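Work through the exercises below with the structure in view. Each one gives a task and then a solution in steps.

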Amino acid sequence: MASDDFEEQAENMIWSAVCVTAGLGAVPFGINTWFFVAANTTLIAMLGKHYGQQLSHEGAAKVLRHIVMSVGFTFFATTLGLKFFAEVLKGAGVITMGGATVAGMALDATLGGATTYAIGYTAQSYFRKSPKMKRAEIKRVFAAGFAEGKRRVTSTSVKGKQE
């Protein structure tokens with residue numbers, strides 16, 4: 001298999017998971033945190049297998065925890081706070097005749113998609129290096145992935161609205 005095809009397959013796995021988590025964020029009701037964790041754990045297991053590492057669901061969850069711990073509590077606490085805020089906005093749509101619901105859905109979809117992109121991007125780097133990444137490198141790769149994921153998820157949703 002050509003290297004470009006191999007990397008393209010990994011990228012497709014990441015984008016499939018991004019679509020799932022962004023789609024979960026766009027649902028106008030309910031907190032979908034457990035589905036988000038499940039989608040990202042499945043993504044990590046798939047990427048691990050793709051890069052030659054057979055991971056159980058528990059093994060993939062350990063990699064996800066390692067990424068979370070490397071990135072730091074502050075980022076994920078802030079993300080969780082924004083997630084709850086998005087859920088409140090989605091719920092407030094009943095009062096605002098739907099306006100807040102749309103804003104909450106957009107925020108939640110962008111947050112979920114960008115975070116999944118960053119997790120996938122970081123896991124991909126992690127597996128390429130045969131799990132020898134140091135915490136500081138994981139944090140740096142995740143930050144770059146999150147910024148890129150946010151940009152790409154936002155630009156993709158804007159393109160979709162224009163078409």
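**Exercise 1.** Find which element gives the largest share of the lining of the largest pocket, and describe that lining.

Solution. In this predicted model, the largest share comes from α4, with six residues. The pocket itself has a volume of about 530 Å³. Its lining consists of 24 residues, and those closest to the centre are Thr33, Phe36, Val37, Val68 and Phe76. Next, list the elements that give two or more residues to this lining: α1 (3–26), α2 (33–50), α3 (57–71), α4 (73–92) and α5 (99–128). Last, sort the lining by class: 13 residues are nonpolar, eight are polar and three are charged.

**Exercise 2.** Determine how α1 and α2 are oriented to each other, and which residues make their contact.

Solution. Two packed helices are described by the angle between their axes and the distance between the axes. For α1 and α2 the angle is about 175 degrees and the axes lie 10 Å apart. Angles over 145 degrees count as roughly antiparallel, so α1 and α2 are roughly antiparallel to each other. From α1, the contact takes in Phe6, Gln9, Ala10, Met13, Ile14, Ala17, Val20, Thr21 and Leu24. From α2, the partners are Phe35, Phe36, Ala39, Asn40, Leu43, Met46, Leu47 and His50. The classes in this contact are 13 nonpolar, four polar and no charged residues.

**Exercise 3.** Repeat the analysis for α2 and α3.

Solution. Here the angle is about 105 degrees, with the axes 8 Å apart. The range from 65 to 115 degrees counts as roughly perpendicular, and therefore α2 is roughly perpendicular to α3. On the α2 side the contact is made by Val37, Asn40, Thr41, Ile44 and Ala45. On the α3 side it is made by His57, Ala60, Ala61, Val63, Leu64 and Ile67. By class, there are eight nonpolar, three polar and no charged residues.

**Exercise 4.** Find where the pLDDT is below 50, and state what contacts that stretch has.

Solution. Start with the whole protein: the mean pLDDT is 81, and 77% of the residues reach 70 or more. The pLDDT is below 50 over residues 158–163. Beyond near neighbours in sequence, this stretch has zero contacts in the model. Where pLDDT is low, the predicted coordinates should not be read in detail.

How values were computed
Residues are numbered from 1 along each chain as its sequence is written. This is a predicted model: local features need pLDDT of at least 70, side-chain atom pairs count only at pLDDT 80 or more; totals for chains, interfaces and linings use all residues. Side-chain values use heavy atoms; hydrogens and water are left out. On a 1 Å grid over the protein atoms alone, a cavity is a set of points where a 1.4 Å probe fits but cannot get out, and a pocket is an open set with protein on both sides within 12 Å along at least five of seven lines; lining residues have an atom within 4 Å of a point. Grid points are joined across faces, edges and corners, and a volume is the space filled by probe spheres set on the points. Helices (H or I, at least four residues) and strands (E, at least two) are DSSP runs, numbered from the N terminus. Ala, Val, Leu, Ile, Met, Phe, Trp, Tyr, Cys and Pro count as nonpolar, Asp, Glu, Lys and Arg as charged, and the others, Gly among them, as polar. Axes are lines fitted to C-alpha atoms, for helices over the stretch in contact, and angles run from 0 to 180 degrees between N-to-C directions. Angles under 35 degrees count as roughly parallel, over 145 as roughly antiparallel, 65 to 115 as roughly perpendicular and the rest as oblique. Contact means heavy atoms within 4.5 Å. pLDDT is the predictor's confidence in each residue, from 0 to 100.
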